[in-house]
Structure formats: C-alpha cells, structure tokens
Amino acid sequence: MFNILVVDDEPLICKGLSSLLASSGLEIDRIYTANSGFEALDCIRMEEVDLLVTDIQMRAMSGIELMQHAKLAKPWVQTIIISAHETFQYAQMAVRLGAKDYLIKPLNSEHFLDSVRSVLLKMDKPSPELAIFMAGIGKSFRLEEPLPEYSKLLNTLIQEPSSVLDDEETLRKLDELKLRGPFFSVIKIKLPLPEENKMQQYTSRDRELLRYAALNIAKELLDQEWSTVAFYSPEEEITVVIQWDEKNYEESATGQINRLDVLGRSLHLNIHKYLYLNAVIGISQILKGLSFMDVLNRQAAKAIQWNKEHSDHFVFYYGDFNWSSYAADPSPEDIYTHSNLIVQKAKAYIDENYAQKGLTIHEVAKKNHVSPNYLSYLFKKNTGHNLWEYVIKLRMEESREMILSTDLRRYEIAERVGYESPEHFSKIFKKYYGISPSELKK
C-alpha cells in the first residue's frame, strides 16, 4: 500500500484529484493534500509519502523547488508534475530532477490514473538485470565487465589524466565515450564485501555477483537523468564519472551539488534495499576540464574515508569537510570539535530565524557551508532529534505561549511563528500537542 501527497494552490483541484485517487482501486493507503509547497514539505517530513503529485506553478514555492527540497528530505519519493502550461523549459527541469511524468491541465482522469498506476507498479520492482542477479546468485551465468575495452583507459584517466590527454590514440578512444564535459564530478561506491576467509557466506563468486548487481543498480539510477560513465576500479570499488555541458550546468554549483547529494543517498538506499549492503558513497566537488580528473578521484576517495569516523553515516561529500584547515588528516578530536561547531552554529541560526516564513534546511546548511544531508546527520547525532523537528518544536512552544498569554487571533499567531496559513498551523499544532489551538484556548 502506498501514500500519496497531492499539492496544488487551488483547493478544489486537490479535492478532485484526491477523490479520483480514492475511488481508483489502486493500492493506496493514505492520501494527503497541501495547498502550498511549504505545507507539502512539512507533510513529507512528518508523514510517510511515496508519491508526490504537484502543480508546477504555485505561490511562494514552485513545484520544481518543492521537488528539490522533497528529494533532499526523502530521496525515494517519486514525483508526477501537473501544469497549466506546456512549457518545454519546465518539462526539461522536471525530468532532470527525476519527475516520472509531466501532465497538462485540464487533466484527463484516465491518463492521470494510468500515470499514477505506472509509477506505483515500478516503485518496488528491480531492473531486469538485477532480477536475474537476485534469482541467479550462486548459480552459473556469465558476467560481463562493463565497458571492458575502456575500463583500463578510464582508470588511467582518473589517476593520471595527462598520460591519456597527451596521447592521440587514447584521446580517440575517450572521444567514443563522449566524455566532453566540460564540467565533471566523480562518485565512488565502496561495497562492504568481507574477505572470503573472514566471512564464509561470501565466496569469491558471490562477491563478483554482488559487485555486478551494485553496478546495475547504479546504472539504472544514473541512466534516468544523468550523463555518466560507470566502471569497476581497484579495491573493489565502482567509479562513476558524471558530466555536464555548458547548457546543462545552468543551475548554480550549489544546486548541482544538492542533486549529487540526493543521487548519493539514492545509490546507498537502493543498494541496501536490494543487496542488504551498506555501501559507502564518496562524492567529489565539480571541476571544469578532464585534466582535473585525478583531483576529483582523490576527493571522492578521501570523502569515503570519513566513514571511519562516522560509521553510522554512508554518503559523504568532499566539500563538507574543511580540509584546508588541517596540515595532515584531522584527528578524531579535530572532527568532533568541527562537528560540534557546525551544529552549534546551525542551532543558533535556527533559534534566531525559526519564525521566518519559508525557512528551509537548504538555507541553514548554506549558512554553515555544508550539504543539507551532512548537516541533518550531524544535528541528529549531536542533539538527538531531527533538525526540522527542532524548528517545529520552537514554533509550537512559541505559539502555545502566545495562545495562553495573549489575545492574538489564530492567523496572527500562525504569521508570527512562520506559517503561511492558519489552517496549516492548526494542523501542525494538533499533531504536535494532540489538541487544536482553539481547544487549548478554551
């Protein structure tokens, strides 16, 4: 059974789509509705949502922005976009962010339900190649090396790019892979595969199969919305080179890094889901030019090393760590001090700005010069509660105090603690305290 969130700033459209879904006979458990992007984000953070159906043009936060925030909060949430305008730019952005469909208003009921049905059916099904692996582990079937004629070339490129770029023959081979960038990033996937003599349940054949399956999971995710090349590297790692041309790199660097962060989390989640392995993902920065490929490779490898210090975290972005502050690799004490400082600054910023309308984790992370994913992890680890739960806690405590000690109306209190509408405020308040603001006042 699946949970669906319908978002549109026209309440009648939300109601109509909810009724249509409720009577569709699809495997739907709960249908949530929201009339703004910020209301939708609170729902995604607080409820279990599998599919987001959102209008693209809304006040305050667009459907595209909602998708970006939703993916950071929960990378597994799938999205269907609806729009009153058949605009190529919007459709392109939506698809690039992973939207499963782009539907034009007025919606055809049958077409809409077909789209929802298609997304739900695919949500829990692995790729055909992965299905073969799941059925065939321990059996005999031939595994093909990905890009066998290019793997050696690609591994040389990420270690010594000059030896590849200075040779005409290797450049021609490289051109066949269409690695033209000019912007590049490297992602490394480290699988926790114990040695055969330490863990008898993994034979060398099993290890080969697991690595093959992980590569296919990665390729399935990557092929949806990225221009990439994935290949085996030494130390049983999988390396992914991601590229952007000038046109596709139109988003800010921060926006692209957030997308890489979501991709890293999706890779970890899907490998764990299908293979029961906690893969560690290292993500480099984005640099311009193939000549920096060795730098990007070292960054991704170095990011993975932080799993030794944060063993309960699995996705690491190189730029989250202030490497320039240390003459050598930082000690555990350095890491602890730096982590505490990040959390203290984030907490202080939230304490001062929790009542700001439109406050997001992105904004708090940007002020701390770290990714939202890493900030969320550190905040939970250091304080014991989720970052957004802390924001809601401050808002609810402040609103409760105002209800009990002032004569302010509900809409005035909602406004003062950062909510767009009194209805949304009341919904959050009742979920938090178990009673509505009016009931508390009485």
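1. Angles of 65 to 115 degrees between helix axes count as roughly perpendicular, and this cut-off is needed for the first helix pair discussed here. In this predicted model, helix α1 (residues 11-22) packs with helix α5 (residues 109-123) at an angle of about 65 degrees, the two axes lying 11 Å apart. The pair is therefore described as roughly perpendicular, and α1 passes α5 in a right-handed crossing.

2. The residues that bring these two helices together are L17, L20 and L21 on the α1 side, which meet S109, F112, L113 and V116 on the α5 side. Sorted by class, this contact of α1 with α5 comprises six nonpolar residues and one polar residue, with no charged residues.

3. A second pair is formed by helix α2 (residues 37-46) and helix α18 (residues 422-433), whose axes are 11 Å apart and meet at an angle of about 15 degrees. Since angles under 35 degrees count as roughly parallel, α2 and α18 are therefore roughly parallel to each other. The crossing of α2 and α18 is left-handed.

4. On the α2 side, the contact with α18 is made by F38, E39, D42 and M46, while α18 contributes H424, K427, I428 and K431. By class, the residues of this contact of α2 with α18 divide into three nonpolar, one polar and four charged.

5. Helix α3 (residues 63-73) is mostly covered, with eight of its 11 residues buried. The buried residues of α3 are G63, I64, L66, M67, H69, A70, K71 and L72, a list that a colleague inspecting the model may wish to follow along the helix.

6. Turning to a strand, V186 is found in β6, which spans residues 183-190, and V186 counts as buried because its relative accessibility is 0%. When its neighbours within four places in sequence are left aside, V186 is in contact with T239, V240, V241, G282, I283, S284, M293, L296, N297 and A300. V186 and L260 are 74 residues apart in sequence, and their C-alpha atoms are 9.8 Å apart in space.

7. A final point concerns the cysteines: how many disulfides does the structure hold? The structure holds zero disulfides. As for the surroundings of two cysteines, C14 is buried, with a relative accessible area of 2%, and C43 also counts as buried, because its relative accessibility of 12% falls under the 20% cut-off.

Key. Residues are numbered from 1 along each chain as its sequence is written. This is a predicted model: local features need pLDDT of at least 70, side-chain atom pairs count only at pLDDT 80 or more; totals for chains, interfaces and linings use all residues. Side-chain values use heavy atoms; hydrogens and water are left out. Axes are lines fitted to C-alpha atoms, for helices over the stretch in contact, and angles run from 0 to 180 degrees between N-to-C directions. Helices (H or I, at least four residues) and strands (E, at least two) are DSSP runs, numbered from the N terminus. Angles under 35 degrees count as roughly parallel, over 145 as roughly antiparallel, 65 to 115 as roughly perpendicular and the rest as oblique. A crossing is left-handed if the near helix is turned anticlockwise from the far one by less than a right angle, and right-handed if clockwise. Contact means heavy atoms within 4.5 Å. Ala, Val, Leu, Ile, Met, Phe, Trp, Tyr, Cys and Pro count as nonpolar, Asp, Glu, Lys and Arg as charged, and the others, Gly among them, as polar. A disulfide is a pair of cysteine sulfur atoms within 2.5 Å. Buried means under 20% relative accessible area, exposed over 50%, partly exposed in between (1.4 Å probe, protein chains only).
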